[in-house]
Amino acid sequence: MIQAIDILVLALLACTAVSVVRMRSLWAAVMLTGIYSFLGAGWMLVLDAPDVAFTEASVGAGIATILMLSTLALTSTEMKRPAASPVFPLLIVGVTGAALCYGTLDMPHFGDPNSPIHQHVAPEYLKDAVPTVHQKELKVGIGNIVTTVLASYRGYDTLGETVVIFTAGLGVLLLLQGPRKAGGSDGREEGAP
Amino acid sequence: MFVTAVAAIIVTMSLALLRATLGPTVFDRILALNVFGTKTVLLIAVMGFLTGRPDFLDLALLYALLNFIGVIAVLRFSKYGHFADPELGR
C-alpha cells in the first residue's frame, strides 16, 4: 500500500520535473518548482524523514520561491529558445542516469538494519549517546542522539556547512539588491519626510 | 477509508499539477500552487493515520502556515512587482 503511494508520488514528481523543463514562462516554472518542493517534502515524510521534509518545505517551497521571484523582477520572465540541439546533452544525462540506476541494484534494501551504513560507526554512536543503566555518565554528555552526532562527532563538518550556507545566503542577498543607485544610498530615504 | 482518501488526494494533486502546467493566467498557477500546498498538508495528515502514527500532525500545521505566507508573498509580488513596502515606493 505504502509502496503504491510512493510510486504515485514519485510519478507526480517526475511529471512536475518534466513540465518545469519544458515550460517557457519562467513565472510558471517558479510555481512548478514550488509544487515540486511540496511533493518532495511530502514524499520524504512518507519515508519517515520529517526533519529533511521540513527543511525541504521551508527552503524549497518557502524561501526559494521568493528568491526566484525576486530574481524574475531583475530579469525577463520568458525563457529564450536554446540555439543548440538538446540531443547530445540528453544522451549524456540518459547514460548517466542508467549507470546510477544500475548502481542502485547493488545497494542494500531501504531501511535494512544489516546494511554497512548501520553497522560501521552507528552502534558506537548509539552506545555513547544514550544513557543506560550501566553507563550513567555519557562520553559526549548531550543526551540527544541527533544533536550528539551533529554537534559533537561531526562538529567541524556542521560548522563548515553552516559557513557555506551563510556565505551563499549573503551572496544571494547582495545579488538581489540590484544595481546601486547613484546619489542616495538605496533610494528609500528620498521619499521619507 | 484512509486509502480512498489518499487516492482522492493524489488525484486532486494531479489535477492541480495539470492546472499549473496548462494554466493560461498567472492566477491559475498561483491557485494551483495553493491547492497543491493544501493537498500536501492533507496527504501528511492522512498518511499519519494510515500508518497508525499521527505524530507529524504539527508538521502538517506548519506546512499550512508556510503555504499561506508563501501565497501572500507571491500575490503581493504579482501586484507590485517587488517585495518592498509599497508605501515607501511612491
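Here, a residue is called partly exposed when its relative accessible area falls between the 20% under which residues are buried and the 50% over which they are exposed. By that yardstick A:Ile92 is partly exposed, because its relative accessible area is 44%. The model behind this value is a predicted one. A:Ile92 sits in helix α4 of chain A, which covers residues 87–104. Together with A:Phe88, A:Leu91 and A:Val95, A:Ile92 makes a nonpolar surface patch of about 430 Å².

Stepping back to the whole of chain A, the fold contains eight helices and zero strands. Read from the N terminus, the order of elements is simply α-α-α-α-α-α-α-α. Of the 193 residues in chain A, 21% are buried. The accessible surface of the chain adds up to about 13600 Å², and carbon and sulfur atoms hold 69% of that. As for how the chain folds back on itself, take the contacts in chain A with a separation of 6 or more: 48% of them link residues 24 or more positions apart.

One pair of residues gives a concrete case of positions separated along the chain. A:Thr71 and A:Leu176 are 105 residues apart in sequence, yet their C-alpha atoms are 6.5 Å apart in space. A:Thr71 belongs to helix α3 of chain A. With a relative accessibility of 33%, A:Thr71 is partly exposed, because that value lies between the 20% and 50% cut-offs.

Next comes the partner chain. Chain B puts 36 residues into the contact and chain A puts in 35. Between them the two chains bury about 3100 Å², with carbon and sulfur atoms giving 87% of this area. On the chain B side, B:Leu17, B:Leu33 and B:Tyr63 lose the most area to chain A, and these residues together account for 17% of what that side buries.

What about polar links across the interface? Two residue pairs in polar contact turn up between chain B and chain A, both at pLDDT 80 or more. There is also one salt bridge across the interface. A:Asp48 forms a salt bridge with B:Arg53, and the closest N and O atoms of this pair are 3.0 Å apart. As for the elements involved, the side of chain B that touches chain A draws at least two residues from each of α1 (2–22), α2 (26–50) and α3 (57–80) of chain B. The largest share of that side comes from α2(B), with 12 residues.

A:Asp48 deserves a closer look. This residue is found in the loop between α2 (26–46) and α3 (50–74) of chain A. Its phi is near 70°, a positive value in a residue other than glycine. A:Asp48 is partly exposed because its relative accessibility, 43%, falls between 20% and 50%.

A:Ser19 offers a buried counterpart. Its place is in helix α1 of chain A, residues 2–22. At 10% relative accessibility, A:Ser19 counts as buried, because the cut-off for that label is under 20%. Setting aside neighbours within four places in sequence, A:Ser19 is in contact with A:Leu32 and also with B:Thr21 of the partner chain.

Notes
Residues are numbered from 1 along each chain as its sequence is written. Chains are lettered from A and ligands numbered from 1 in the order in which they are written. This is a predicted model: local features need pLDDT of at least 70, side-chain atom pairs count only at pLDDT 80 or more; totals for chains, interfaces and linings use all residues. Side-chain values use heavy atoms; hydrogens and water are left out. Helices (H or I, at least four residues) and strands (E, at least two) are DSSP runs, numbered from the N terminus. Buried means under 20% relative accessible area, exposed over 50%, partly exposed in between (1.4 Å probe, protein chains only). Contact means heavy atoms within 4.5 Å. Patches are made of residues with over 30% relative accessible area and no salt bridge: like charges are joined within 9 Å, nonpolar side chains (Val, Leu, Ile, Met, Phe, Trp, Tyr) within 5 Å. Accessible areas come from the Shrake-Rupley method with a 1.4 Å probe; for residues, only the protein chains shown count as cover. A salt bridge is a side-chain nitrogen of Lys or Arg within 4 Å of a carboxyl oxygen of Asp or Glu. Buried area is the accessible area (1.4 Å probe) that two parts lose on being put together, summed over both. A polar contact is a pair of N or O atoms within 3.5 Å; within protein, one must be able to donate a hydrogen and the other to accept it, and residues adjacent in sequence count only if both atoms are side-chain atoms.
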